[in-house]
Amino acid sequence: MNETYPRSTSPPTGIAERPVENGQVNWDAFNSNAYFSHNYGELRSDDRRIIEIVADFFKDNPPAPELGRAIDVGPGANLYPAMVMLPYAARVTLFERSHANLTWLADELQKPHGSWWQFWEAISTGRPAYDPINKPLDTLHGRVSRERGNVFALRADQYDIGTMFFVAESITTRTDEFRRATRLFVTALRRNAPFAAAFMRLSSGYVVGDEHFPACSIDEEDVDQALAPVARNVKIERVESEDLRVGYDGMIVATGRRK
Ligand SMILES: C[S@@+](CC[C@H](N)C(=O)[O-])C[C@H]1O[C@@H](n2cnc3c(N)ncnc32)[C@H](O)[C@@H]1O
């Protein structure tokens, strides 16, 4: 088997979903190239819609310091959440558990794929905050720190703005870990800091390269309940995926501010 079913699709026949907690998974077996090619080799309509929601949210809800500290938790092989935060961030921490993804990110920032320009166009068009940034990938490279870390060990009150895309529900089958990861992401931000988080909806797990990864099947209500103790002004929106595949049912985007 050499196919990639990334943020999406069901495990291939024969691989049964079983309870798996985050610490049991070998995240260094994550095939960053395969994941990138399938998801970010070109801009898909669901990511375009997510960009619209998140970039407009940050435009209307900028962080208090004009240029603050940003964090993207579990970037994997995705640069666009960090790109969306650029006008508001003097520093961007890419906080990742997987050595494989951290190495991939270092290489990617040195020599980025051309497809990121499609994402940048969707992010920046019609939003003047992005106008001063002419070379977004160079700017990002200059502001990024890659940090190896575990969402479950994030320290509280550290960042002014944050994103976490397809992580809390896509790193475990356990609902309690999904909730804990979501809350620890938000509490890593300072009081009132704006955040955006994206989730796979009703995911039953996914395959990247030759490896199966766990997911926790969640919906809008689960996201709302996970965020309620730590966030305010929460808005939750469902995003349809154009190619309806087995194994998930679209995506969910949540925006809000830390309580
Ligand atoms: C499905 S991928 C999502 C990647 C990317 N954010 C995106 O938007 O496509 C899940 C990511 O979470 C990372 N991850 C897994 N467990 C983690 C943990 N405990 N702390 C931080 N990151 C973790 C994985 O290495 C992987 O990069």
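Reader: What makes the pair formed by a nitrogen atom of the ligand and a polar backbone atom of Val-151 a polar contact?

Author: The two atoms are 2.9 Å apart, and a polar contact is a pair of N or O atoms within 3.5 Å, so this pair counts. Bear in mind that this is a predicted model, where local features need pLDDT of at least 70, side-chain atom pairs count only at pLDDT 80 or more, and totals for chains, interfaces and linings use all residues. Residues are numbered from 1 along each chain as its sequence is written, and side-chain values use heavy atoms, leaving out hydrogens and water.

Reader: How do you know that the protein buries the ligand?

Author: Taken alone, the ligand exposes 600 Å², and the protein buries 100% of that; the areas come from the Shrake-Rupley method with a 1.4 Å probe.

Reader: Why is the link between Asp-46 and Arg-44 called a salt bridge?

Author: Their closest N and O side-chain atoms are 3.0 Å apart, and a salt bridge needs a side-chain nitrogen of Lys or Arg within 4 Å of a carboxyl oxygen of Asp or Glu, so the pair fits. Glu-52 and Arg-49 form another one, also with 3.0 Å between N and O.

Reader: What does it mean that Asp-46 and Arg-44 are called buried?

Author: Both are buried, which means each has under 20% relative accessible area (1.4 Å probe, protein chains only).

Notes. Polar contact = N/O pair within 3.5 Å; in protein donor to acceptor, adjacent residues only side chain to side chain. Buried < 20%, exposed > 50% of the residue type's maximum accessible area, 1.4 Å probe, protein only.
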